[in-house]
Amino acid sequence: MIGRLNHVAIVVPDLSAATALYRDMLGATVSIESALPEHGVTTVFVELPNSKIELLHPLGENSPIQGYLDKNPSGGVHHLCYEVADIIAARDKLVSGGARILGDGEPRTGAHGKPVLFLHPKDFCGTLIELEEA
Ligand code: CO
């Protein structure tokens, strides 16, 4: 069911510093900053030949990643995003298998303008998984 690894997301305490690190030290191509108020994050995408890295920083008062940053002040790997062909079919299969979908279970529009869902980390080896319809 899952396809390509779309991105690995890293929560960072300083988005400009992290962007500069990837661009200048690691020599990667980076996007401009993009604010996603609906998700409570600001993102920068690092383009790799075979995937992407999503740099995440909290945006607004109730950011869902603020708690993560409080527990991990220097940042850390936050989630993996796998592509699926049909997000509703994927969700229904997962739910019927007993997996929990975060939130109300309905896909939301993600960072690339495509529908996304998050799966409960306790159901997937302690890893937060984002599914993105590709
Ligand atoms: Co993501």
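Student: In this model, is Gly 97 buried or exposed?

Tutor: The model is a predicted one, and the values discussed here are computed from it. Gly 97 sits in the loop between H3 and E7. Its relative accessible area is 68%, and the cut-off for that class is over 50%, so Gly 97 counts as exposed.

Student: How many Å apart in space, C-alpha to C-alpha, are Gly 97 and Ile 10?

Tutor: In sequence, Gly 97 and Ile 10 are 87 residues apart. Taken from C-alpha to C-alpha, the distance in space between Gly 97 and Ile 10 is 29 Å.

Student: Which residues coordinate the cobalt ion?

Tutor: The donor residues follow the spacing H-x46-E-x24-H-x50-E in sequence, a pattern of two histidines and two glutamates in alternation. The histidines contribute NE2 atoms and the glutamates OE atoms, at 2.1 to 2.2 Å from the cobalt ion. In sequence order, the residues that coordinate the cobalt ion are His 7, Glu 54, His 79 and Glu 130.

Student: What geometry does the site of the cobalt ion have?

Tutor: The angles among the four donor atoms run from 87 to 175°. Four donors would count as tetrahedral if all angles lay between 85 and 135 degrees, and the upper end of the range, 175°, does not satisfy that condition. The site of the cobalt ion is classed as irregular.

Student: How many residues apart in sequence are the parts that His 79 and Glu 130 tie together?

Tutor: Both of these donors are buried. His 79 lies in strand E6, residues 76-84, while Glu 130 lies in strand E9, residues 129-133. The pair therefore ties together parts of the chain whose separation in sequence, in residues, is 51.

Student: What is the relative accessible area of His 79, and with which side chain does the side chain of His 79 make a polar contact of 3.1 Å?

Tutor: His 79, in strand E6, is buried, with a relative accessible area of 3%. Its side chain also makes a polar contact of 2.9 Å with the side chain of His 78, a residue that lies in strand E6 and is buried at 17%. The contact of 3.1 Å, in turn, joins the side chain of His 79 to that of Glu 54.

Student: Which residue forms a salt bridge with Arg 4?

Tutor: Side chains of opposite charge can pair when their charged atoms come close. A search of the whole structure finds five salt bridges, and in the one formed by Arg 4 the closest N and O atoms are 3.1 Å apart. Arg 4 lies in the segment before strand E1 and its partner in strand E6, so the pair ties together parts that are 79 residues apart in sequence. Arg 4 is partly exposed at 47% relative accessibility, whereas at 13% a buried class is assigned to the partner, Glu 83.

Student: Which residues are linked with Arg 91 in a network of salt bridges?

Tutor: Arg 91 is buried, with a relative accessible area of 13%, and meets the side chain of Asp 92 in a salt bridge of 3.1 Å, N to O. Arg 91 also forms a salt bridge with Glu 106, with the closest N and O atoms 3.2 Å apart; this pair links Arg 91 in helix H3 to Glu 106 in the loop between H3 and strand E7, 15 residues apart. Asp 92 is partly exposed at 40%, and Glu 106 is partly exposed at 45%. The residues linked with Arg 91 in the network are Asp 92 and Glu 106.

Student: What is the approximate area of the nonpolar surface patch that includes Leu 21?

Tutor: Leu 21 lies in helix H1, residues 15-25, and counts as partly exposed at 43% relative accessibility. Together with Met 25 and Leu 26, Leu 21 makes a nonpolar surface patch of about 350 Å².

Student: What is the approximate phi of Cys 125?

Tutor: Most residues other than glycine have a negative phi. Cys 125 is found in the loop between strand E8 and E9 and is exposed, with a relative accessible area of 79%. Although Cys 125 is not a glycine, its phi is positive, at about 60°.

Notes. Residues are numbered from 1 along each chain as its sequence is written. This is a predicted model: local features need pLDDT of at least 70, side-chain atom pairs count only at pLDDT 80 or more; totals for chains, interfaces and linings use all residues. Side-chain values use heavy atoms; hydrogens and water are left out. Donors are N, O and S atoms within 2.8 Å of the metal (3.2 Å for Na, K and Ca); water is not among the atoms, so sites may look incomplete. Four donors count as tetrahedral if all angles lie between 85 and 135 degrees; four count as square planar and six as octahedral if opposite donors are over 155 degrees apart and all others between 65 and 115; anything else is irregular. Helices (H or I, at least four residues) and strands (E, at least two) are DSSP runs, numbered from the N terminus. Buried means under 20% relative accessible area, exposed over 50%, partly exposed in between (1.4 Å probe, protein chains only). Patches are made of residues with over 30% relative accessible area and no salt bridge: like charges are joined within 9 Å, nonpolar side chains (Val, Leu, Ile, Met, Phe, Trp, Tyr) within 5 Å. Accessible areas come from the Shrake-Rupley method with a 1.4 Å probe; for residues, only the protein chains shown count as cover. A salt bridge is a side-chain nitrogen of Lys or Arg within 4 Å of a carboxyl oxygen of Asp or Glu. A polar contact is a pair of N or O atoms within 3.5 Å; within protein, one must be able to donate a hydrogen and the other to accept it, and residues adjacent in sequence count only if both atoms are side-chain atoms.
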